[in-house]
Amino acid sequence: MKVMFFDKRILHKFYGILGAISVITSIVFLFVNIETKYKTAIGLVALVFLIVIYIGIWIHSNFRKNIRLKINTSEVEVKFGDIFSEQADLKVIAFNEYFDTLVDDKIIAKSSLNGVFVNKFFKNKIDELDGIISSDNHLIEASVGENMVRPSGKCIKYKLGTICVVNAYLIIAFTHFDENNKAYLEINDYINCLLNFWNEVDRVYAGRTVALPVMGSGITRFRGYENISDQELLELIIWTFKVSRIKFTHPSKVKIVVYKNKSDRINLLALKDLEI
């Protein structure tokens, strides 16, 4: 189980329920007299009832599918699902720092969200996607140099965290690429990328709901942090949103969509600590 049986958050919730029950029973017993011979049986039933409630809270905490957080007056919903089928005005897809669009399992893997996005919406019209990227004036300002010796792919690099709006999607320059076209990041790069990303979102979201996956989960290599978990990545995404001070006004919100097959790796209840 992801959530321990005596997790402090479960205990806190249980104590709240126990307090409410205590108040109600105290009021009832002011007006109802119970014979002594029944008190033991009633006490045992009450104890079993409370144990069942506690176990129910624990089981629900382990199998829940979503959680809502209040971060800087904004609502952040974390849920299990599929980013492409999620209901949101804008959805985020991570690209590399070159905004490459060649899906050949060398530069972009067909199975990655990046590859699925390109093949799903631009399979036979890559030129259209490349045109949107190359004509984006903001990207021109965000370019950080060229790599003219790349054997394949594009040459212009962009600052990590930079966003390009493509219809209902926000594509983001998210990872560095090495000479073998392998994505990698330093942990400082990851944090700075996310901070820049939230600033970029603030620039374009215009009161719309934004959904994003757990960026960095999967193929990205974190140099020096090879064992970083999906839980840690998720918490970093929420933490950077918190410190960015961006505010989503109701009814807009942020949705972080965790791939449903990774539900056994994510403790949603632990994310409540980030509200503080």
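Ser 74 is buried, with a relative accessibility of 0%. The residue belongs to strand 2, which spans residues 74-81. Leaving aside residues up to four places away in sequence, the contacts of Ser 74 are with Leu 69, Phe 241, Ile 246, Lys 247 and Phe 248. These values, and those that follow, come from a predicted model.

The preceding residue in this part of the chain, Thr 73, lies in the loop between strand 1 (66-71) and strand 2 (74-81). Thr 73 is exposed, at a relative accessible area of 57%, whereas Ser 74 counts as buried. The backbone of Thr 73 has a positive phi of about 70°, although the residue is not a glycine. A positive phi also occurs at Arg 245, again a residue other than glycine, with a value near 65°. Arg 245 is placed in the loop between helix 7 and strand 11 and is exposed, its relative accessible area being 56%. The loop between helix 7 and strand 11 also holds Pro 251. The peptide bond that joins His 250 and Pro 251 is cis, with omega at about 10°. Most residues other than glycine have a negative phi, and most peptide bonds are trans.

The chain as a whole contains 7 helices and 11 strands. Its radius of gyration is 24 Å, against a value near 19 Å for a compact globule of 276 residues. Along the principal axes, the C-alpha atoms fill a box of roughly 90 × 35 × 35 Å. Of the 276 residues, 44% are buried. Among contacts between residues at least 6 apart in sequence, 72% join residues at least 24 apart. The chain exposes about 15,100 Å², of which carbon and sulfur atoms supply 57%.

The charged residues comprise 35 positive and 30 negative charges, and the mean positions of the two sets are 8 Å apart. Side chains of opposite charge can pair when their charged atoms come close. A search of the whole structure yields 15 salt bridges. One of the pairs consists of Asp 130 and Lys 154, whose closest N and O atoms are 2.8 Å apart. Asp 130 lies in helix 4 (residues 126-134) and Lys 154 in the loop between strand 4 (143-146) and strand 5 (156-158), so the salt bridge ties together parts that are 24 residues apart in sequence. Asp 130 is partly exposed, at 22% relative accessibility, and Lys 154 is likewise partly exposed, at 22%.

A further salt bridge joins Lys 262 to Asp 230, with 3.7 Å between the closest N and O atoms. Lys 262 is located in the segment after strand 11 (254-259) and Asp 230 in helix 7 (residues 230-244), so this pair ties together parts that are 32 residues apart in sequence. Both Lys 262 and Asp 230 are buried. The side chains of Glu 86 and Lys 79 also meet in a salt bridge, at an N to O distance of 3.1 Å. Glu 86 has a relative accessible area of 8% and is therefore buried, the cut-off being under 20%. In addition to these pairs, a network of salt bridges links Arg 68, Glu 75, Glu 77 and Lys 253.

Lys 159 is found in the loop between strand 5 and strand 6 (163-166). With a relative accessible area of 46%, Lys 159 is partly exposed; the class of exposed residues begins over 50%. Residues up to four places away in sequence being left out, Lys 159 touches Ala 142, Val 144, Ala 173 and Asn 196. The C-alpha atoms of Lys 159 and Ile 172 are 9.6 Å apart in space, and the two residues are separated by 13 residues in sequence.

Methods: Residues are numbered from 1 along each chain as its sequence is written. This is a predicted model: local features need pLDDT of at least 70, side-chain atom pairs count only at pLDDT 80 or more; totals for chains, interfaces and linings use all residues. Side-chain values use heavy atoms; hydrogens and water are left out. A salt bridge is a side-chain nitrogen of Lys or Arg within 4 Å of a carboxyl oxygen of Asp or Glu. Buried means under 20% relative accessible area, exposed over 50%, partly exposed in between (1.4 Å probe, protein chains only). Helices (H or I, at least four residues) and strands (E, at least two) are DSSP runs, numbered from the N terminus. The radius of gyration is taken over C-alpha atoms; the globule rule is 2.2 Å times the number of residues to the power 0.38. Contact means heavy atoms within 4.5 Å. Accessible areas come from the Shrake-Rupley method with a 1.4 Å probe; for residues, only the protein chains shown count as cover. Lys and Arg count as positive and Asp and Glu as negative; His and the chain ends are not counted. The place of a charge is taken as NZ of Lys, CZ of Arg, CG of Asp or CD of Glu.
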